[in-house]
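Visitor: I have a model open and would like to learn how to read it. Please take me through it one feature at a time.

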Amino acid sequence: MNSSYVLSIATFLYGAAAILYWVVWVYRRDTPARIAFWTGLAGVVLNTVGILLRWQESYDLGIGHVPLSDQYESLVFFSWTTMVVYLVIERQYKVRALGAFITSFATLAMAYASFSTKQGYQLISPLLPALQSNWLIAHVVTCFLGYAGFAMAFGLAIIFLIKSSDPESQGPILSRLPEQDILDEILYQNVLFGFLFLSVGIITGAVWANSSWGKYWTWDPKETWSLITWLVYAGLIHTRLVRGWQGKPSSWFAIFGFLCVLFTWFGVNYLSGLHQYGS
Amino acid sequence: MPASILGFFASVRLSIFLLLILAATSILGTVIPQGQPMEVYLSQYSPLTCEIFSRLEIFDMFGAWWFLALLVLLTVNLVVCSAKRLPSTWKVVRMKNPGFRKALFEKLPNKQSFVMGASTEAALAGIEKKLSGRFRYITAKRTETGFTLYAEKGRWTRLGPYVIHLGILLVLAGALLGSLYGFTANTSIPVGQTRDHAINKHGKNESIHLPFAIRCDDFSISRYPDDSVKEYRSTLTILEKGKPPFTRDIIVNDPLRYKGINLFQANWGYESKIELKFTDAKTGEAHLITAPLGDRLALPHAKGQFLISDYSPTSEAHGRDLGPRVHMHVFPLKGSPVNVNIFANFPEFDKQRGGDFVISAEGINTSYFTGIQVTRDPGVDYVYAGFILIIAGCFISFFISHQRLYFNGEKQAGKTLITLAPDATRNRQGFVLTAKKLAGELKGLETKVKTS
């Protein structure tokens, strides 16, 4: 029983939940919906266990550190945060519109994490000196919580735009989507959640950089792209104050903002700079 | 300020525009490498493009005048917007006696209506009891047909955005202070030596004199079992006139901070010196010369020059390890340069070359130096204060909200018809669900409340 085994079971559970959520959407039955929720929750439990096991395994190897230091670990953690945020939202607002999307997303992220390595999981490697800091945990966790919120908002934005193409439709797909105001509001709440955590993420990164090499901001591509993402979502928040700019503009900003999140996470590895830990 | 300029800067549309322009230009600053020597750019772009970009300061754009101008515009915009809106927000926050307003109540959506099986007196008492723990401010009025009740909390959270904006202003002020009066510089200190200045490489290569001297007593690298680096550690002693010296270790992520100056473990290096013995082929006289790699030095008795070009601790020939090998060039006074290989384990090997000297390697000496990044930033405390305000302000603005409940109670044949309208500045749907739940709980109270 090791972490990669547990995490592969979690991946299958997310996949099963995804199938169930798609069934719920197409056939509009309640029982699969409840099973989907509990399957997703079971996946989250195993995902948690997997992360904790990997943490323990690193100590057994004599190179103990929290499992947030490479691309494999970050994808696994991202799946965890998005699923947790989604399940909380489903519980609180009783809105399942994103269920299929988020569980599929989590399944793909976990699957990609294991397929992108030769043996199905990433060998645990020791931490470089620059990564040996308590700020690592705070910085990575808050950034990923931010990304999870923005991922939700992205999904909701797409659904919002689909619904807004024909709000009164009685067709099989469109009529099953929640009302636009509800979608818009949950989207905005997720943006605010994401924005708070992204701000804390950028700030913890800056404080860490200051304790590590004496400059809290060096305009390196990863730092700059996280700021770009922050500026785009700040723009979204301020559009809510301009008359007539609610609704669709928020969705477009949320979509563009998430593309910035993806670039901040993956795209910057193709530029040069200090932040090469992703690969 | 004339009204129209003030109006321009008070606009939220301007804020959105500036935020997006800053984002777009920042994207440019990540796609085009920043702060590189001109040769790098000339190899990627045409000379004309390089000239234009250089004039527009695009190769160092985060310090460019136009980028700073955008930041100034955003700052003015932020200050004017906040100053304009703060007075009315303050008035709302400090409002003495808020209460039920019929016009507002009629307009609110998501009303919940239900019947409580009690007289209006009892119903009102029941509602007040239910709300007393959860809402700070509750006020009720009797009307001809029943009552109205108003409950609220979190009015102060309307100040949240101003806290965020103040935080941003502090961060910008701290950054300005740091860039004007701070510095980032580097110094390399070989083990055993002392330095009292550092070089600021950005721009002018100026030498910065420090108020104290740093002596490197030791430098070490520890490794993991798989040979990757675990830790870089320098032992530094600070020497200051008139004060007793003190010694501290620094590692990456744990700098030495003293008198506003910070010393960080940035990098390291080593230099190898090889001790060579030159034995005169004719007289047998031996000379010892210690030479670093790459330096061209004189042979004994001015018989020419030599240069050590390479050293390797092992050398292979015919499947055997012959041990340390030094590769050098000898430049005789007459004739062309000669390639010479010496094996430390075989001091007689060079005899067969037949040169003026028989060269052998007596020892190799590796000395380390530690690379220290030296910084000072007088603005960092303001930046950190700004960070705290931003986080607090975001939390207040996004996760707590100004919540209000409006109740209207009407007598209805011994029972009371209650209409409840929720209103919140954030997370409205969540508050509507709270109101629905509350309505359910109040409805369920009817069995417990006794009619009077």
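Visitor: What share of the contacts in chain A with a separation of 6 or more comes from residues 24 or more positions apart?

Guide: Contact means heavy atoms within 4.5 Å. In chain A of this predicted model, residues 24 or more positions apart account for 77% of the contacts with a separation of 6 or more. For chain B, 56% of the contacts between residues at least 6 apart in sequence join residues at least 24 apart.

Visitor: What conventions should I keep in mind?

Guide: Residues are numbered from 1 along each chain as its sequence is written, while chains are lettered from A and ligands numbered from 1 in the order in which they are written. Because the model is predicted, local features need pLDDT of at least 70, side-chain atom pairs count only at pLDDT 80 or more, and totals for chains, interfaces and linings use all residues; side-chain values use heavy atoms, with hydrogens and water left out.

Visitor: How many helices and strands does chain A have, and how many does chain B have?

Guide: Helices (H or I, at least four residues) and strands (E, at least two) are DSSP runs, numbered from the N terminus. Chain A has 8 helices and 0 strands, in the order α-α-α-α-α-α-α-α from the N terminus. Chain B has 10 helices and 20 strands.

Visitor: Which chain is more spread out than a compact globule?

Guide: The radius of gyration is taken over C-alpha atoms, and the globule rule is 2.2 Å times the number of residues to the power 0.38. Chain B has a radius of gyration of 39 Å, well over the 22 Å from the rule for 452 residues, so chain B is more spread out than a compact globule. Its C-alpha atoms fill a box of roughly 130 × 55 × 55 Å along the principal axes. Chain A, with 279 residues, has 19 Å, which agrees with the value near 19 Å for a compact globule. The box for the C-alpha atoms of chain A is roughly 60 × 45 × 30 Å along the principal axes.

Visitor: What part of each chain is buried?

Guide: Buried means under 20% relative accessible area, exposed over 50%, and partly exposed in between (1.4 Å probe, protein chains only). Of the 279 residues of chain A, 62% are buried; for the 452 residues of chain B, the share is 41%.

Visitor: How do I read a helix together with its cover?

Guide: Start with the span: the expected value is 1.5 Å times one less than the number of residues. Helix α8 (residues 248-265) of chain A has 18 residues and reaches 26 Å from first C-alpha to last, close to the expected 26 Å. Its buried residues include F253(A), F258(A) and W265(A). The cover over the buried residues of α8(A) includes α3, α4, α5, α6 and α7 of chain A, together with α2 (12-31) of chain B.

Visitor: What covers the buried residues of α7(B)?

Guide: Helix α7 (residues 120-132) of chain B has 13 residues and spans 18 Å, close to the 18 Å expected. Among its buried residues are L124(B), I127(B) and L131(B). Their cover includes β1, β2, β3, β19, β20 and α10 of chain B.

Visitor: Which residues does T30(B) touch?

Guide: T30(B) is in helix α2 of chain B and is buried, at 5% relative accessibility. Not counting residues up to four places away in sequence, T30(B) touches P221(A), T224(A), W225(A) and L271(A). A second case is A234(A), in helix α7 of chain A, which is buried at 4% relative accessibility. Leaving aside neighbours within four places in sequence, A234(A) is in contact with F195(A) and L19(B).

Visitor: Why look at the sign of phi?

Guide: Most residues other than glycine have a negative phi. W219(A) has a positive phi, near 55°, and lies in the loop between α6 (180-213) and α7 (221-239) of chain A. A413(B) also has a positive phi, about 50°, in the loop between β19 (403-412) and β20 (415-424) of chain B.

Visitor: Is each of the two exposed or partly exposed?

Guide: W219(A) is partly exposed, at 26% relative accessible area, whereas A413(B) is exposed, at 81% relative accessibility.
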